[in-house]
Amino acid sequence: MRFVDEAVITVEAGDGGNGVASFRREKFVPFGGPDGGDGGRGGSIYIQADDDTSTLVDYRYTRRFRAERGKNGSGANCSGRGGEDIILKVPVGTTIVDTESGDIIGDLVADGQRVKVANGGDGGLGNTHFKSSTNRSPRKCTHGIKGEYREVRLELKVLADVGLLGMPNAGKSTFIRAVSAAKPKVADYPFTTMVPNLGVVDADRHRSFVMADIPGLIEGAAEGAGLGIRFLKHLARTRILLHIVDVQPIDGSDPAYNARAILAELEKFSPTLAKLPIVLVLNKLDQLPEESRDEWCQHILDELQWTGPVFKTSGLMAEGTKEVVYYLMDQIEQQREREVEDPEYAAEIKALREQLEAETREQTIAAKEAYRAMRKAQREADLDDDEDFDDDEDEGGVESIYVRD
């Protein structure tokens with residue numbers, strides 16, 4: 001199934017049914033009075049998180065949703081039937097944003113969580129409501145209210161505790177294969193991973209966390225190089241970033257230079273995201289002679305001037321991966337406990353996540369607009385080239401004229 005993490009849809013709730021002006025007509029009841037019923041309420045539109053849904057691809061092609069209109073009232077004080085509600089299923093981790101105001105309507109982070117995005121219109125009133133001591137036979141009734149109309153943007157960000165970061169072919173997919181049951185594609189060429197992958201990592205019994213593997217970054221990703229920064233937004237909900245560094249890149253590049261380039265792209269995309277705790281993993285140690293591993297790893301750390309936590313692993317051989325898992329599990333549990341016990345810390349984390357959401361949304365929209373502008377400029381340039389191809393003012397003054405036999 002194709003992975004789609006953003007879609008814009010329009011939702012229109014159903015209009016309310018009209019009230020009716022009616023009078024009781026029965027034999028031997030000459031003054032039956034008004035008995036007009038109310039119109040039914042229009043159907044509303046809800047968006048609900050669903051664990052069985054993993055992508056927004058359904059909303060890439062079907063973009064307009066309209067709920068049923070309420071039925072009109074009828075005589076004998078019969079109210080019209082209400083319109084059916086519509087429930088749209090989206091993956092857990094979807095944020096719903098009003099495109100006009102930019103306000104967040106809802107953030108669905110749990111299975112079954114639901115938010116109403118378009119409210120159905122109320123039904124009109126029948127003439128029974130307008131009966132009084134001075135007006136025994138009212139002929140007044142009201143129309144139903146129009147349903148709410150909205151254009152909303154659905155933004156999917158995967159829910160994970162740890163996000164993997166690194167160059168293409170740094171071994172991120174191999175690492176997540178080694179520590180979880182996830183089976184992302186692994187191959188000996190760059191950009192093997194084209195969409196985010198999630199894996200549940202078990203540290204011990206009843207101790208686990210979720211790890212996300214996103215497509216690799218390269219230098220210039222913020223300007224659109226490689227796969228660009230499209231998938232970086234999926235790191236916005238993580239607690240810790242795991243920076244995987246290939247100690248012996250196949251292209252002969254400097255590992256320290258590559259690591260600095262990734263950190264620079266992260267800073268360009270979101271300064272707040274770059275402030276998340278980062279754990280450095282020097283990967284693919286199996287490619288180095290055992291006697292020179294420590295010396296080469298220390299050289300990389302000295303070049304980076306790295307003072308944070310660091311681990312040395314071989315994802316292919318599953319060497320050193322358990323130590324990384326236990327460290328991450330301990331850090332995540334400590335953060336969770338502190339959020340429960342310290343309200344001030346919990347408020348800081350909440351503010352940080354809100355800022356992260358705002359920054360990643362802004363950067364993603366800006367990157368998309370820049371890409372569209374670039375594509376438009378390319379199309380215009382190609383059109384100009386086509387028009388100039390057969391120009392009679394070209395050098396030489398020769399014009400080619402093609403005629404059909």
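## Exercises on a predicted model

The largest cavity in this predicted model has a volume of about 40 Å³. Let's start there and then visit a few other spots.

**Exercise 1. Find which residues line the largest cavity, and sort them by character.**

Step 1. Begin with the count: the structure holds 1 cavity of 30 Å³ or more.

Step 2. Pick out the lining in the model: Glu-6, Glu-155, Lys-157, Lys-233, Thr-360, Arg-361 and Thr-364.

Step 3. Now sort them. The lining has 5 charged residues, 2 polar ones and no nonpolar ones.

Step 4. Look for the element that gives the most to this lining: helix α6, residues 343-388, with 3 residues.

**Exercise 2. Locate Ser-173 and decide whether it is buried or exposed.**

Step 1. Start from the record: an unreviewed UniProt entry places the feature "binding site" at Ser-173 and Thr-193.

Step 2. Place the serine in the fold. Ser-173 is found in helix α2, which covers residues 172-179.

Step 3. Compare its relative accessible area with the cut-off. Buried means under 20%, and Ser-173 has 8%, so Ser-173 is buried.

**Exercise 3. Check the span of helix α4, then work out where its buried residues fall around the axis.**

Step 1. Helix α4 runs over residues 293-304, which makes 12 residues.

Step 2. From its first C-alpha to its last, α4 reaches 17 Å, close to the 16 Å expected at 1.5 Å a residue.

Step 3. Mark the buried residues of α4: Cys-297, Ile-300, Leu-301 and Leu-304.

Step 4. Look down the axis of α4. Its buried residues fall within an arc of 95°, so they line one face of the helix.

Step 5. Here is a general rule to set beside that picture: an α-helix has 3.6 residues a turn, so residues three or four places apart point the same way.

**Exercise 4. Describe the backbone and the exposure of Gln-305 and of Ala-318.**

Step 1. Take Gln-305, in the loop between α4 and β14 (310-312). Its phi is near 55°, a positive value in a residue other than glycine.

Step 2. Exposed means over 50% relative accessible area. Gln-305 has 67% relative accessibility and therefore counts as exposed.

Step 3. Move on to Ala-318, in the loop between β14 and α5 (321-341). Ala-318 is not a glycine, yet its phi is positive, at about 60°.

Step 4. Partly exposed covers values between the buried and exposed cut-offs. With 42% relative accessibility, Ala-318 counts as partly exposed.

Key
Residues numbered from 1 in each chain as written. Predicted model: local features only at pLDDT ≥ 70, side-chain atom pairs only at ≥ 80, totals over all residues. Heavy atoms only, no water. 1 Å grid on protein atoms, 1.4 Å probe; cavity = no way out; pocket = protein on both sides within 12 Å on 5 of 7 lines; lining within 4 Å. Points joined across faces, edges and corners; volume = space filled by probe spheres on them. Helix = DSSP H or I, 4+ residues; strand = E, 2+ residues; numbered from the N terminus. Nonpolar A, V, L, I, M, F, W, Y, C, P; charged D, E, K, R; others polar. UniProt positions renumbered as here; feature names shortened; annotations may be inferred. Buried < 20%, exposed > 50% of the residue type's maximum accessible area, 1.4 Å probe, protein only. Expected span 1.5 Å × (residues − 1). Arc of directions from axis to C-beta.
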